[in-house]
Amino acid sequence: IERVHISRIRVPIKYAYIGSRHVLRDYEKVIVRLYADNGLVGIGEAPGRPPVMEELKRISAIAVGHRIPACSLADGTYPGVLFRERAVPERIAAGGFEMAMWDLIGQEQGKSVGELLGRPCRTEVDMVCELSAGPFPCTVEDHELKAFFSDIDNTARVVEHALEQIEEYGYHALKLKSIGRSIEWDSRVMTMLREALPSGFNLRLDPNGAYSAEDAVELCNRLEGLALQWFEDPTATIPGMTALRQKVNARLATNMCVISFEDIDLRGGLEAVDVVGVDAFHWAGLGNARAAVDVCRRGERDVFMHCYFDLGITTSAMLQLASTVPDLTSGMDTIIYLQGVDITQAGESRVTDGKLPVPSAPGIGVVLDERIVSELLIEEADYSSENVPVSDQRSVLDVLSECLVMSKAQRGIERCGNG
């Protein structure tokens, strides 16, 4: 790698995104570009909170000058990115950096990322509309939100908004976010959605762990007759989900409490749920996410592709991952309907009949729109091998693993030592 350039951007959205954990009126991303000495440029994307940007700066400064490995999961030469901490910013940053690495490897080998991760078995992927808990403009005030969710008759407006998205994009599955404060509200809105949608349409509810274990049992039992595809993170923690699973008939899913191999091997994560969400960030990279798919399938658990407010780069990378998963019946979450702008060339992220095509070009398969990135820019940083001494020829994967397993104490010493 001769050079690394990272750009932190603020992305506008069409509607406010409401869940139990936050109200988003826009969101931030970091774009990673790896410039190789053969003239190729690999691109990656990661959520852009300041701690992630700082970690990407640290990784970039260490990784520049090191070699890109000629590895592939398909032929067993991918060693993995090791991590032992549940420190999410470090793993998110590693995931964005590793994504750009896969893009470079694919371009160099003339293969799609899907071909590097496994054996692609589909050319398009069913998308799942991940819908905000309520339809609001980005200018909505907190008191307006409180008033809206205090009037249960407003559930009709949520259903109307859902039907609009389904009609426009042709979705066959919907995941509704919940603010997790009213069993009555969630029961009413999900019942109305089931009545309004055709038989066989897949419905999910996601309170992001907001309900107590007792309330989650009551809500699951109330919704049992609606034949939900599953109930996602109704309560928090592996012990909480395990106890819930023993008391209800509903299928349970998570992208919150089972997010590492330690959660599976040491904490009994697969006993807590029926379905595990994977993405490139919680799992510190596409390679680990693909390995997690295999672990879950061996444990007789389904998987779904989790969306982390993905723009076009990550959407395309996750499509590549999804293309390699046999019998993927759960589809891939998306918030494309929310996006006011994308950072890849036009036309690459249009959902039609509820599906997106898997890019077939080498690498991730999309092209960055630098003009849009420059318009959304918050900050950027650049690292060149000319200015960074490299004392060995370790691969970028070795560097990422060392960054992730380094203890917080060591990390603090390193930062102090660097001034």
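**View 1. Tyr337, a buried ring, and its partner Tyr15.** In this predicted model, Tyr337 is tucked away as a buried residue, with a relative accessible area of just 1%. Its partner Tyr15 is partly exposed, at 28%. A search of the whole structure turns up 12 aromatic pairs. In the pair made by Tyr15 and Tyr337, the ring centres sit 6.4 Å apart and the planes meet at 35°, so this one counts as tilted. Tyr15 belongs to strand S1 (residues 3–18), while Tyr337 is in the loop between strand S11 (332–334) and strand S12 (355–357), so the pair ties together parts that are 322 residues apart in sequence.

**View 2. Phe148 meets Phe149 edge-to-face.** Here the two rings are 5.1 Å apart, centre to centre, with 85° between their planes. Both Phe148 and Phe149 are buried. Look around them and you'll find Phe136 and Trp185, which join Phe148 and Phe149 in one aromatic cluster.

**View 3. Two arginines over ring faces.** Arg3 lies over the face of Tyr35, 4.5 Å from the ring centre. Arg204 does likewise with Phe304, this time at 5.9 Å from the ring centre.

**View 4. The largest pocket and what lines it.** This pocket holds about 660 Å³ of space. How many residues line it, and which lie nearest its centre? The lining takes in 30 residues, and those nearest the centre are Arg21, His22, Arg49, Tyr308 and Phe309. Two elements, strand S2 (23–35) and strand S5 (173–177), each give two or more residues to the lining. S2 makes the largest contribution, with 5 residues. As for chemistry, the lining is a mix of 11 nonpolar, 8 polar and 11 charged residues.

**View 5. Glu370 and Arg33 in a salt bridge.** Side chains of opposite charge can pair when their charged atoms come close. A search of the whole structure finds 28 salt bridges. In this one, the side chains of Glu370 and Arg33 meet at 2.9 Å, N to O. Glu370 lies in helix H12 (residues 370–375) and Arg33 in strand S2, so the bridge ties together parts that are 337 residues apart in sequence. The two ends sit in unlike surroundings: Arg33 is buried, with a relative accessible area of 3%, whereas Glu370 is partly exposed at 39%.

**View 6. Lys355 and Asp126, a link between two strands.** The closest N and O atoms of this salt bridge are 2.4 Å apart. Lys355 is in strand S12 and Asp126 in strand S4 (residues 124–131), so far along the chain from each other that 229 residues separate them. Both partners count as partly exposed, Lys355 at 23% relative accessibility and Asp126 at 37%.

**View 7. Arg371 and Glu375, a bridge within helix H12.** Now for a pair within one element: the side chains of Arg371 and Glu375 meet in a salt bridge at 2.8 Å, N to O. They are 4 residues apart in helix H12, which means about one helical turn separates them. Are these two buried or exposed? Arg371 and Glu375 are both exposed.

**View 8. A network of salt bridges.** Which residues are joined into one network by salt bridges that share partners? The members are Arg8, Arg10, Asp26, Glu28, Glu54, Lys57 and Glu379.

Notes:
Residues numbered from 1 in each chain as written. Predicted model: local features only at pLDDT ≥ 70, side-chain atom pairs only at ≥ 80, totals over all residues. Heavy atoms only, no water. Phe/Tyr/Trp six-rings, centres within 6.5 Å; stacked < 30°, edge-to-face > 60°. Buried < 20%, exposed > 50% of the residue type's maximum accessible area, 1.4 Å probe, protein only. Lys NZ or Arg CZ within 6 Å of the ring centre and 35° of its normal. 1 Å grid on protein atoms, 1.4 Å probe; cavity = no way out; pocket = protein on both sides within 12 Å on 5 of 7 lines; lining within 4 Å. Points joined across faces, edges and corners; volume = space filled by probe spheres on them. Nonpolar A, V, L, I, M, F, W, Y, C, P; charged D, E, K, R; others polar. Salt bridge = Lys/Arg side-chain N within 4 Å of Asp/Glu carboxyl O.
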